[in-house]
Amino acid sequence: MTRRRIRPRFIVFILILIGLVVVISALFHHHPPAKPAQTGNRPLNTTASTVKAPHGYYTLTPFGLPSSLENFAISDHGGLVTVAGGSSGQTLNGTVYNMTSNGAVVSGSLAVARQQGGIVALPTQDLYVGGISSTNIPSKRAENLNGGSPRPWLPIGLSGFATTSGGSNTYLVGGNTASGPSKTIYRVTSSGKVQAWASLPQALFEPMAEVVSHSLYVVGGELSDHHASSAVYRIGLISKRVHRLAPLPVGVYDGAMGMAGGSLWVLGGYVHHTVTRQTWVIVGSSVVSGRPLPQALAGEAVAPQGQALWIMGGRTAHGLSSTIYELKSVEP
């Protein structure tokens, strides 16, 4: 059997023929690229990046707190701000102050100096409720700011809760109990009746809360595992339904929250257990970054002053503060 030798010219011819077949096949099977789906004028994604933050401006009041304080309680009576309790770093504060745009005067004292409590304003009296004394045990007691002995009042010992008012009711949100953080929101009526009103999706210590219109907003807080929550909740005061809004970009606790110029601001607090200058503004269901605080603050308190907001005291990166900043907010 003889073998036939394949000539090189024959191999070249075969390769050229194969190439022509591939090119012709590609031309007949080519499809133009698909056109993108039509979306009209609707945005593809409605995120916080499409929402503008209000312009924030900070100024100093001509006076400050009588002493440097953190984790104190306040109540506001149309421009008269009552300050009670809190910590001065080394000791607990038992003095009660009344503050106006002219400064502060001593108006009373607590029978038991405490911090991390709240003030409940009733028609006939203001009460300092809950908190912790030197024993560090959450208290269930309340006492009149004008004098009188503390008496059992809350259903359970509670400290580190957020206090906010809406209509004739005051809401005590979350906080710490003898067994850990609480999910409960208590409502205090104008008659002084305390009742468990609603439950948070998770237990929170040192959250921030504010009533706006017919809703209770709850932001951040420290969880039972000591991590900070980034959740933002809106709870209907009538329906009690809990809506989870867009979260903060980071978890935060022990800051402050209040209205300035018609906008809801979240101010400072602890981020990664470190005091922060960061602020956020809740716009609809979105969260946008606001103008940072003049300095990092946590454990401060806020009080409305007309369309502005006083930011009072708190812990800084260098110690406690007696400074009062005034935040003015202007819509973009």
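In what order do the four strands of the open sheet with antiparallel pairing lie? In this predicted model, the order is S2-S3-S4-S5. The edges of the sheet are formed by S2 and by strand S5 (103-109). Each of these two strands pairs on one side only. On average, neighbouring strands of the sheet are turned by 25 degrees against each other, direction ignored. Within the sheet, S2 pairs with strand S3 (residues 80-84). The pairing is antiparallel and runs over five bridges. One facing pair is His-77 and Leu-80, the latter in S3.

Ahead of S2 comes a loop that holds Thr-61. This loop lies between strand S1 (55-60) and strand S2 (73-77). Thr-61 has a relative accessibility of 13%, so the residue counts as buried; the cut-off for buried is under 20%. The side chain of Thr-61 places a polar atom 2.5 Å from the backbone oxygen of Phe-63. Thr-61 also has contacts beyond its neighbours within four places in sequence. These are with Trp-310, Ile-324 and Glu-326.

Those contacts lead to strands S26 and S27. Strand S26 spans residues 308-316. Eight of its nine residues are buried, and S26 is therefore largely enclosed by the rest of the structure. S26 pairs with strand S25 (residues 301-305) and with strand S27 (residues 319-330). The pairing of S25 with S26 is antiparallel, over five bridges. Here Pro-304 has Leu-309 of S26 as its bridge partner. S25 and S26 form a hairpin, with two residues between the strands. The turn includes Gly-306, which has a positive phi of about 65 degrees. S26 and S27 also run antiparallel, joined by seven bridges. A hairpin through two residues connects S26 to S27. Met-312 is bridged to Ile-324 in S27. Ile-324 is also one of the residues in contact with Thr-61.

A further set of antiparallel pairings centres on strand S7 (residues 126-129). Asp-126 and Tyr-128 point one way from S7, whereas Leu-127 and Val-129 point the other way. All of these residues are buried. In a regular strand, side chains alternate between the two faces of the sheet. Strand S6 (residues 118-121) pairs with S7 in the antiparallel sense, over four bridges. The two strands are joined by a hairpin through four residues. Val-120 has Leu-127 in S7 as its bridge partner. S7 also pairs with strand S8 (residues 141-144). That pairing is antiparallel and has three bridges. Leu-127 appears here as well, with Asn-144 in S8 as its bridge partner.

Which residues touch the most other members of the largest nonpolar core? They are Val-173, Ile-185, Trp-197, Leu-216 and Val-218, in a core of 17 residues. Two or more residues each come from strand S11 (169-173), strand S14 (194-204), S15, S16 and strand S17 (232-236). S14 gives the largest share, four residues. Val-218 shows how one member meets its surroundings. Residues up to four places away in sequence are not counted here. Val-218 touches Val-173, Leu-200, Leu-204, Pro-207 and Met-208, among others. Its contacts also include Ala-209, Ala-231, Val-232, Tyr-233 and Ile-235.

Two loop residues carry a positive phi without being glycine. Ser-213 has a phi of about 55 degrees. Its place is in the loop between strand S15 (208-212) and strand S16 (215-219). Both of these strands give residues to the core described above. Is Ser-213 buried or exposed? With a relative accessibility of 61%, Ser-213 counts as exposed, because the cut-off for exposed is over 50%. Asp-254 has a positive phi near 60 degrees. This residue lies in the loop between strand S18 (242-244) and strand S19 (256-260). Asp-254 has a relative accessible area of 9% and is buried. Ser-213 is thus exposed, whereas Asp-254 is buried.

Notes:
Residues numbered from 1 in each chain as written. Predicted model: local features only at pLDDT ≥ 70, side-chain atom pairs only at ≥ 80, totals over all residues. Heavy atoms only, no water. Buried < 20%, exposed > 50% of the residue type's maximum accessible area, 1.4 Å probe, protein only. Polar contact = N/O pair within 3.5 Å; in protein donor to acceptor, adjacent residues only side chain to side chain. Contact = heavy atoms within 4.5 Å. Pairing = 2+ DSSP bridges. Axes fitted to C-alpha atoms, helices over the stretch in contact; angles between N-to-C directions. Core = buried A, V, L, I, M, F, W, Y, C linked by side-chain atoms within 4.5 Å.
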